[in-house]
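Work through the exercises below with the sequence and the structure open. Each task is followed by a solution in steps.

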Amino acid sequence: MNIVEIEGLSKQFGTTMALDDVDLNIEQGSISAILGPNGAGKTTLLRIINGILAKDSGTVRILGEDASLKTACKIGYMPEERGLYDSMTIENQIMFFGQLKGASRQSIRQVMKEYLELFNLGGQEKRKLKELSKGNQQKVQIISTIAHQPSLVILDEPFSGFDPINGALLQELIERLHSRGITVVLSSHNMHAVEEMCQNISLINHGKLLISDKIEDIKERNKTGEMLVTTSSPLSTRFIASGDLVEWIREDECHNGRKGYAYRLLKKDGVSNICLINDIAVQSDVLHFEEALPSLNDIFIKYTLNSQSA
């Protein structure tokens, strides 16, 4: 079942087509990402989903209903431009946003207690926002976004301003939401975090949807046939390249904390993996051998550049 269903969505500002006939579905219970370079149309899309902007044409449905103020109460949206009240206490800030979306004070307190403790802010409810660091203010913003326990959580650049430790805490929060069946949508330039957490991505540029699918399927479609091999001792790349098995071979960096000597190569058509491994094993023990799949960063760059040159 899809929690968000978008068909033929278009939005224009003057002569700029911010969204151009976009079709997009977001699966309920998933962790998904909406990606794109600056000015691609991501923020416009998110604002229309949340009922902040009116569309020019097309349909947007949330849990089967046309997007409206009613459906907006089922969404927790943290925009890239943060909006906090400096003189409010942490407690009042979270209460304010939760009650705006119709949640009871009791249920908000439960959410607040759990996630303040997760973010190492337990017992600080009476502190004013202006007394906090930017990172801790961002934590309060995130908790305020989910205070009403929405069915859909949309976080725009949530890792911005977070160090690796707080980034890990944010990932834990997202995983908790996911484990409870809540749909999470990220808009982020942190490709590593997106690749690590998300099952699906949608890539937008110049208002057009370039690709939308499961990350593993996108990687499979964009693989180049290159292989990665790690050996216990150095190889003579010139010797291997002179044979009939590879088009080319070059030294590479070891990935995923592996030890040894790493190489990237492209097999010739019809060459089996076992034949290639046996040829390499003449020189050194093979510690690791796998097909090289493109990273999410590679895919982002490829599709974005292709759309700009089209």
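**Exercise 1. Salt bridges**

State how many salt bridges the structure holds, then place three of them.

Step 1. The count is 20 salt bridges, a salt bridge being a side-chain nitrogen of Lys or Arg within 4 Å of a carboxyl oxygen of Asp or Glu. The model is predicted: local features need pLDDT of at least 70, side-chain atom pairs count only at pLDDT 80 or more, and totals for chains, interfaces and linings use all residues. Residues are numbered from 1 along each chain as its sequence is written, and side-chain values use heavy atoms, with hydrogens and water left out.

Step 2. Arginine 264 and glutamate 226 pair through their side chains at 3.0 Å, N to O. Arginine 264 belongs to strand S13 (residues 261-267) and glutamate 226 to strand S11 (residues 226-231), so this salt bridge ties together parts that are 38 residues apart in sequence. Helices (H or I, at least four residues) and strands (E, at least two) are DSSP runs, numbered from the N terminus. Arginine 264 and glutamate 226 are both buried; buried means under 20% relative accessible area, exposed over 50%, and partly exposed in between (1.4 Å probe, protein chains only).

Step 3. Glutamate 290 pairs with arginine 258, with 3.9 Å between the closest N and O atoms. Because glutamate 290 is in strand S14 (residues 286-291) and arginine 258 in the loop between strand S12 (246-252) and S13, the pair ties together parts that are 32 residues apart in sequence. Glutamate 290 is partly exposed, at 28% relative accessibility, and arginine 258 is partly exposed at 24%.

Step 4. Glu114, Glu172, Arg176 and Arg180 are joined into one network by salt bridges that share partners.

Step 5. In the salt bridge of glutamate 131 with arginine 127, the closest N and O atoms are 3.8 Å apart. Glutamate 131 is partly exposed at 45% relative accessibility, as is arginine 127 at 31%.

**Exercise 2. Helix H4**

Compare the span of helix H4 with its expected value, then find which of its residues are buried and which are exposed.

Step 1. Helix H4 (residues 105-118) has 14 residues, and at 1.5 Å a residue it should span 20 Å. The expected span is 1.5 Å times one less than the number of residues. The end C-alpha atoms of H4 are 20 Å apart, which agrees.

Step 2. The buried residues of H4 are Ser107, Ile108, Val111, Met112, Tyr115, Leu116 and Leu118. Viewed down the axis, they fall within an arc of 150 degrees and so line one face of the helix; the arc is that of the directions from the helix axis to the C-beta atoms.

Step 3. Gln106, Gln110 and Lys113 are exposed on the other side of H4.

Step 4. Helix H3 (90-100), helix H5 (134-146) and helix H6 (164-179) are what the buried residues of H4 pack against, with contact meaning heavy atoms within 4.5 Å.

Step 5. After H4 comes asparagine 120, with a positive phi near 60 degrees.

**Exercise 3. Positive phi in loops**

Where is leucine 63 found, and where is histidine 206 found?

Step 1. Leucine 63, with phi near 50 degrees, is in the loop between strand S4 (57-62) and strand S5 (65-66).

Step 2. Histidine 206, with phi also near 50 degrees, is in the loop between strand S9 (200-205) and strand S10 (208-214).
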